[in-house]
Amino acid sequence: MDRDQQRKLRSWANNSRLGVVDLRCARHNLAECLYNVAAYPDRWALVRTFSAGLGRARSVGCRVRTNDIFASFRPNTPVKNLKRILENNKEWSARMLREDPTFFVQHESSQEPHFLWIGCSDSRVPSETVTGALPGEMFVHRNIGNQIWATDLNFVAVLEYAVDVLKVADLIICGHTNCGAMRAAYDGGAPGVLDHWLSDVRAIIRERHHELHALPDLTARLDRLSQLNVMRQLVDLSRTPTVLNAWARNQPLQLEGVVYNVSTGLLNPVLDPIDSLARAEELLRGV
């Protein structure tokens, strides 16, 4: 880049509160990437592009420091009422049409998602946002504590439709750190139906009592509990008739477990992918 481009890049980065960008990353296309999108009218697309460039730069050893990367991209008005939701929806729809005028037409008649995402209802873990998925790419089921219950007709219907009709290839169970459900189960005394709903988590706490209490503090125990909970739900998922039948007929299907760290925004796998009953028995033995 020439000096004028570097000046514009630094000015844009400072105005956007993106922190200090090491311009030596230019040889790995990060600086060019930032410069090219600096004037882009779609801020969210800009964030996605910046994040992709940042990841690439770090992967090749470049030093890139960012501060408060999303600060300037938050809506000016918090989403607290339906009016704001409708306004945001109009902006989003217009933005999608600018990027691809045929986007909604393409998705109007059918969906062909690759994933079924089974996550927690926590508002800090929106599946499409944390994965970068677009509409049509992910089938979603969420509940408190990302639980798998064979008696939950809602979940069973979602699973059956995803596997047998949509032919999704990946089932992902996603827990997260600082989970209120894990805390409620750990502390005891969750109100009403919630106490029953979290009975499987309480069973994990009883079974792993010594392991959990060997950890240095409550935060570490709850984070480990989130991991153990995802693993336990993978066990239950692997034993559902829908999954077993899919494997029996050699339908491509793998189960995966991740934990989303609310402090870093990163998804961390808890196990290798499970693509067969034998693999499930191997990886989930003793869970």
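The following paragraphs describe the confidence, the nonpolar cores, the enclosed space and several individual residues of a predicted model.

The protein comprises 287 residues, of which 40% count as buried, and its secondary structure consists of 14 helices and five strands. Among the contacts in the protein with a separation of 6 or more, 61% are accounted for by residues 24 or more positions apart. The average pLDDT of the protein is 81, and 73% of the residues score at least 70. Two stretches call for caution in this respect. Residues 16–44 have a pLDDT below 50, although in the model this stretch has 71 contacts beyond near neighbours in sequence. Over residues 60–75 the pLDDT is likewise below 50, and here the model shows 39 contacts beyond near neighbours in sequence.

In soluble globular proteins, nonpolar side chains tend to be buried together. In the present model the largest nonpolar core contains 44 residues, and the members that touch the most others are Leu116, Leu171, Leu225, Leu237 and Leu255. At least two residues of this core are supplied by each of the strands β1 (115–120), β3 (170–176) and β4 (254–261), and by each of the helices α7 (153–165), α8 (180–187), α10 (199–207), α12 (218–238) and α13 (241–248). Helix α12 provides the largest share, with eight residues. The surroundings of Leu225 illustrate how this core is put together: when neighbours within four places in sequence are left aside, Leu225 is in contact with Met182, Tyr186, Val201, Ile204, Ile205 and Leu212. Apart from the largest core lies another one, made up of eight residues that include Trp117, Ala133, Cys174 and Val258.

Val258, a member of this other core, lies in strand β4. With a relative accessibility of 12%, Val258 counts as buried, because this value falls under the 20% limit. When residues up to four places away in sequence are not counted, Val258 touches Ile172, Ile173, Cys174 and Gly175, as well as Val230, Leu267, Asn268, Pro269 and Val270. A further pair can be described by its separation alone, since Val258 and Asp272, which are 14 residues apart in sequence, are placed with their C-alpha atoms 9.9 Å apart in space.

The search for enclosed space returned one cavity of 30 Å³ or more, and the space in the largest cavity amounts to about 30 Å³. Its lining is formed by Ile204, Glu207, Arg208, Leu228, Arg232 and Val287, with α10 and α12 as the elements that give two or more residues to it. In terms of residue class, this lining has three nonpolar and three charged residues, and no polar ones. Ile204, which lines the cavity, is also among the residues in contact with Leu225.

Several loop residues were also examined. Asn146, in the loop between β2 (138–143) and α7, has a phi near 45 degrees, which is a positive value in a residue other than glycine. Asn146 is buried, with a relative accessible area of 1%. A positive phi is also found for Lys167, again a residue other than glycine, where the angle is near 60 degrees. Lys167 lies in the loop between α7 and β3 and, in contrast to the buried Asn146, is partly exposed, with a relative accessible area of 47%.

Lys167 also appears in the surroundings of Gln251, a residue of the loop between α13 and β4. Leaving aside neighbours within four places in sequence, Gln251 is in contact with Val163, Lys167, Val168 and Ala246. Its relative accessible area is 11%, and Gln251 is therefore classed as buried, the limit for this class being 20%.

Val79 belongs to the loop between α3 (43–59) and α4 (82–99). At 47% relative accessibility, Val79 counts as partly exposed, because the value lies between the limits of 20% and 50%. Beyond its neighbours within four places in sequence, Val79 is in contact with Arg84, Ile85 and Asn88.

Key: Residues numbered from 1 in each chain as written. Predicted model: local features only at pLDDT ≥ 70, side-chain atom pairs only at ≥ 80, totals over all residues. Heavy atoms only, no water. Core = buried A, V, L, I, M, F, W, Y, C linked by side-chain atoms within 4.5 Å. Buried < 20%, exposed > 50% of the residue type's maximum accessible area, 1.4 Å probe, protein only. Helix = DSSP H or I, 4+ residues; strand = E, 2+ residues; numbered from the N terminus. Contact = heavy atoms within 4.5 Å. pLDDT = per-residue confidence, 0-100. 1 Å grid on protein atoms, 1.4 Å probe; cavity = no way out; pocket = protein on both sides within 12 Å on 5 of 7 lines; lining within 4 Å. Points joined across faces, edges and corners; volume = space filled by probe spheres on them. Nonpolar A, V, L, I, M, F, W, Y, C, P; charged D, E, K, R; others polar.
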